[in-house]
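Student: Could we go through this structure together, one part at a time?
Tutor: Certainly. Please have the sequence and the model in view.

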Amino acid sequence: MHVTRFDEAPAYEAPNHFDMRCLRLQGKEAGPSTQMWMGMSQLLPGGRTTLDGSPIEKLYLVLEGRLTVVGEFDGQREEHELGPYDSCRFAPGEKRQLVNRTDRPALVALVMANAPPA
C-alpha cells in the first residue's frame, strides 16, 4: 500500500494549462504505480486547458464547482457542463479541453494510464 497525504502531494506543471494548480496524488513523483496515475487540479475562474489530443484515455471527476468539458473527435465537437460528482471520459486520440466559465474555483480529479515505455 502507498498513501499520499493531501498536504504532501507534489505539485506539477502541465503544458497548456492556465490558471490551474495541479497536484499528483498517486503515481509518478507521488509514489509507485505500474499502470496509472491520479491527480487533482484546481481551476480558478477563467482557468482552462487548450483543446489538445492525447494517445492516452483520460477520466475526470468534478469534486467541487462547475466545469465545462469540450471534446472533439473526428471533427465532431461536444460540450457539457459538469457539476459535483459528474464525470467524463476522453478516448485515446480525442481532443479535450477543460474550462472554468464560472466565478468560483472548480476542483477536478484525473486518472490516466502511464505513458507506454518508449
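Student: Let's start with S9. Is it mostly covered or mostly uncovered?
Tutor: In this predicted model, S9 is mostly covered, with six of its eight residues buried.

Student: Which way do S3 and S9 run, and how many bridges join them?
Tutor: S3 and S9 run antiparallel and are joined by eight bridges. Within this pairing, Met112 of S9 is the residue opposite Trp37.

Student: And how many bridges join S4 to S9?
Tutor: Six bridges join S4 and S9, and these two strands also run antiparallel. Leu59 has Val111 in S9 as its bridge partner.

Student: Can we step back? How many helices and strands are there in the protein chain?
Tutor: The protein chain has zero helices and nine strands. Read from the N terminus, the order of elements is therefore written β-β-β-β-β-β-β-β-β.

Student: Why is the chain said to be as compact as a globular protein of that length?
Tutor: Its radius of gyration is 14 Å, and the globule rule gives 13 Å for 118 residues; the two values are close, so the chain is as compact as a globular protein of that length. Along the principal axes, the C-alpha trace spans about 40 × 35 × 25 Å.

Student: What share of the residues counts as buried?
Tutor: Of the 118 residues, 40% count as buried.

Student: And what about contacts between residues far along the sequence? What percentage join residues at least 24 apart?
Tutor: Taking contacts between residues at least 6 apart in sequence, 64% join residues at least 24 apart.

Student: New topic: S5. How many of its residues are buried?
Tutor: S5 covers residues 67-73, and five of these seven residues are buried, which leaves the strand mostly covered.

Student: In which sense does S5 pair with S6?
Tutor: S5 pairs with S6, residues 76-82, in the antiparallel sense over seven bridges. One bridge partnership links Val70 with Glu79 in S6.

Student: What do S5 and S6 form, and how many residues lie between them?
Tutor: They form a hairpin with two residues between the strands. In the turn, Asp74 has a positive phi of about 50°.

Student: How many bridges are there between S5 and S8?
Tutor: There are five, and S5 and S8 (residues 95-99) pair in the antiparallel sense. Here Val69 has Leu98 in S8 as its bridge partner.

Student: Now the pockets. How much space lies in the largest one?
Tutor: The largest pocket holds about 400 Å³ of space. Its lining consists of 27 residues, and those closest to the centre are Ala14, Pro15, His17, Lys58 and Arg96.

Student: Which elements give two or more residues to that lining?
Tutor: They are S2 (17-26), S3 (36-49), S4 (58-64), S8 and S9 (106-113).

Student: How do the lining residues divide into nonpolar, polar and charged?
Tutor: The lining has 14 nonpolar, seven polar and six charged residues.

Student: You mentioned Ala14. Where does it lie?
Tutor: Ala14 is in the loop between S1 (11-12) and S2.

Student: Does Ala14 count as buried or exposed, and why?
Tutor: Ala14 counts as buried because its relative accessibility is 16%, and buried means under 20%.

Student: Last one: how far apart in space are Ala14 and His80?
Tutor: Their C-alpha atoms are 23 Å apart, while the two residues are 66 residues apart in sequence.

Key: Residues numbered from 1 in each chain as written. Predicted model: local features only at pLDDT ≥ 70, side-chain atom pairs only at ≥ 80, totals over all residues. Heavy atoms only, no water. Buried < 20%, exposed > 50% of the residue type's maximum accessible area, 1.4 Å probe, protein only. Helix = DSSP H or I, 4+ residues; strand = E, 2+ residues; numbered from the N terminus. Pairing = 2+ DSSP bridges. 1 Å grid on protein atoms, 1.4 Å probe; cavity = no way out; pocket = protein on both sides within 12 Å on 5 of 7 lines; lining within 4 Å. Points joined across faces, edges and corners; volume = space filled by probe spheres on them. Nonpolar A, V, L, I, M, F, W, Y, C, P; charged D, E, K, R; others polar. Rg over C-alpha atoms; globule rule 2.2 N^0.38 Å. Contact = heavy atoms within 4.5 Å.
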